[in-house]
Amino acid sequence: MLLLNTYPLLVSEDLVFRSKKTTLESSVSVMVYSLSGLDQLNEENVAAALAVAEESALSRVLVTDSTGKVLYDTRETGGAVGEYCLYTELVQALLGNDAYACSYRRGAFRSRAAWPVLYQNQIIGAVYAYEYDTEQAALLEGLQGNLLRLSAVIGVVVLVLSLVLSRALTRKIGLLQNAIRQVREGAYSHRANLPGQDEMAQIAREFDSLTDRLQTTETARRRFVSDASHELKTPLAAIRLLSDSILQTDNIDPETTREFVSDIGREAERLSRITEDLLRLTRLDSGVMGQPEIVDVLPVLEQVMRMMDLVAREKGVELTYDAIGGCLVLAAKDEIHQVIYNLTDNAVKYSAVGGSVQVSLRRAGEEVVLAVADNGAGIPEEDLPRVFERFYRVDKARSRAAGGTGLGLSIVRDTVEKRNGTVEVRNRPEGGAVFTIRWPLARGEEES
Ligand code: ADP
């Protein structure tokens, strides 16, 4: 606005100065031309010469002789004829220079020009013209007034707009701040819900989706903690009950005592299985994984099969496998062992006496595929998507009775996914369930 109020005015002022210079100098030059034929100047011959060329638009015209004495003055009252005049421009002209000056003051342009009058290259006098112009000045003042009014209007509009915008912005920031505070204090269901498409609304949407994730994680965490404490509480309560019974029963016979103590042992074992699985999951959650190496799955699978063969035989389940070598996976040996063990253990555990479990290991394109199939009861369709959740069991009593913790499949899924693999489960049409794991095939040294 400062520029708006100064630059156009300065430019117009300069334009007026220039145009004044041209008109004033042309007037002066006409008068000088009228006097140029004279060999010397005196009051009479100057008045006679200028009577023809007199310029009415000028406010004042002075003609002096070479000493600066005024010979002619257009000012009617208070004229300076006969006096010596020492206006700066006039002095300049008498020294042989063309002089011009213009100024703008108190609503008027005052311009002055003076030229020497020569006769045979001798300065015989000077012509001085003065113009006092309020017309152009009024135009300029009008322009100045308009610019000021325009600036005032722009200023008010800008002020109002910035007030409105800043209010809208602070209101949105306030809402977002409030949402952040609420969520920080634990109200994970609170959302900022800012309408619109501007940057603040976008930030609010990002914040809301972050809160969604936080809420999901928090819900899962709470459920996990409550499930875990419940799982730990059950065997502890059983141990307490059994030991109290031993202590409080008088003359308890050794047979019953042995039975109770063996039950206590079984519950303790269960506790340690749960804590082991919990620790394993915590390690997986924290992202601390062993350094991966290229592992051939076949020897690991054979080792698990040897171990499980005894368990299966004891249960009257037939365990067979069909595997090839060269199925290389970038992982840690223990992880692969754990995954195959958990799946095979489940398959045997949930098979009926006389059932069969088939494990297969093969390569399919750029993948290593491990499948564990059984011909047990399978998993109800509605439970299929949930069996990988922590502590989720289709049949709680059966899982407990079989020594399950409800964490085996979560460990399998987390372990496999950490190595960029996938795991899926479906029921077989002929009965039973099949779990399939796909790992990306690692390139061995001999193959690369
Ligand atoms: P659990 O320790 O109870 O076996 P898991 O996480 O290993 O826990 O398995 C979760 C649930 O999935 C089991 O409780 C069981 O109901 C079901 N399940 C797992 N594997 C099988 C299978 N091969 N056949 C039928 N049900 C299975």
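Here are four short exercises, with worked solutions, on helix packing and ligand contacts in this predicted model.

**Exercise 1**

Work out how helices H6 and H10 are oriented relative to each other, and which residues join them.

*Solution.* Start by finding the two helices: H6 covers residues 254-286, and H10 covers residues 408-418. Their axes come within 10 Å and cross at roughly 25°. Angles under 35 degrees count as roughly parallel, and H6 and H10 are therefore roughly parallel to each other. Next, look at the handedness: the crossing of H6 and H10 is left-handed. Now pick out the side that H6 brings to the contact, with Asp277, Arg280, Leu281, Leu284 and Asp285. From H10 come Ser410, Ile411, Asp414, Thr415 and Lys418. Sorted by class, the contact of H6 with H10 has five charged, three nonpolar and two polar residues.

**Exercise 2**

Describe the crossing of H7 and H8, then sort their contact residues by class.

*Solution.* H7 spans residues 297-315 and H8 spans residues 333-349. The two axes come within 9 Å, crossing at roughly 30°. H7 and H8 are therefore roughly parallel to each other, and their crossing is right-handed. Among the H7 residues in the contact are Val300, Val304, Met308 and Lys315. The H8 residues they meet include Ile336, Ile340, Tyr341 and Val348. Counting by class, the contact of H7 with H8 has 12 nonpolar, four charged and three polar residues.

**Exercise 3**

Find the angle at which H8 and H10 pack, and name the residues that make the contact.

*Solution.* The axes of H8 and H10 are 9 Å apart, at an angle of about 145°. Their crossing is left-handed. H8 contributes Glu335, Gln338, Val339, Asn342, Leu343 and Asn346. Opposite them, H10 offers Gly408, Leu409, Ile411, Val412, Thr415 and Val416. These residues of the contact of H8 with H10 divide into six nonpolar, five polar and one charged.

**Exercise 4**

Which residues come nearest to the ligand, and which polar atoms lie by its oxygen atoms?

*Solution.* First, survey the surroundings: 20 residues lie around the ligand, and those that come nearest are Asn346, Tyr350, Ser399, Thr405 and Leu409. Two of these names may look familiar from the previous exercise: Asn346 of H8 and Leu409 of H10 are in the contact between those helices. Then check the polar atoms. Tyrosine 350 places a polar side-chain atom 2.8 Å from an oxygen atom of the ligand. For valine 394, a polar backbone atom is 3.0 Å from a ligand oxygen atom. Glycine 406 also uses a polar backbone atom, 2.8 Å from an oxygen atom of the ligand.

Key:
Residues are numbered from 1 along each chain as its sequence is written. This is a predicted model: local features need pLDDT of at least 70, side-chain atom pairs count only at pLDDT 80 or more; totals for chains, interfaces and linings use all residues. Side-chain values use heavy atoms; hydrogens and water are left out. Axes are lines fitted to C-alpha atoms, for helices over the stretch in contact, and angles run from 0 to 180 degrees between N-to-C directions. Helices (H or I, at least four residues) and strands (E, at least two) are DSSP runs, numbered from the N terminus. Angles under 35 degrees count as roughly parallel, over 145 as roughly antiparallel, 65 to 115 as roughly perpendicular and the rest as oblique. A crossing is left-handed if the near helix is turned anticlockwise from the far one by less than a right angle, and right-handed if clockwise. Contact means heavy atoms within 4.5 Å. Ala, Val, Leu, Ile, Met, Phe, Trp, Tyr, Cys and Pro count as nonpolar, Asp, Glu, Lys and Arg as charged, and the others, Gly among them, as polar. A residue is near a molecule or strand if one of its heavy atoms lies within 4 Å of it. A polar contact is a pair of N or O atoms within 3.5 Å; within protein, one must be able to donate a hydrogen and the other to accept it, and residues adjacent in sequence count only if both atoms are side-chain atoms.
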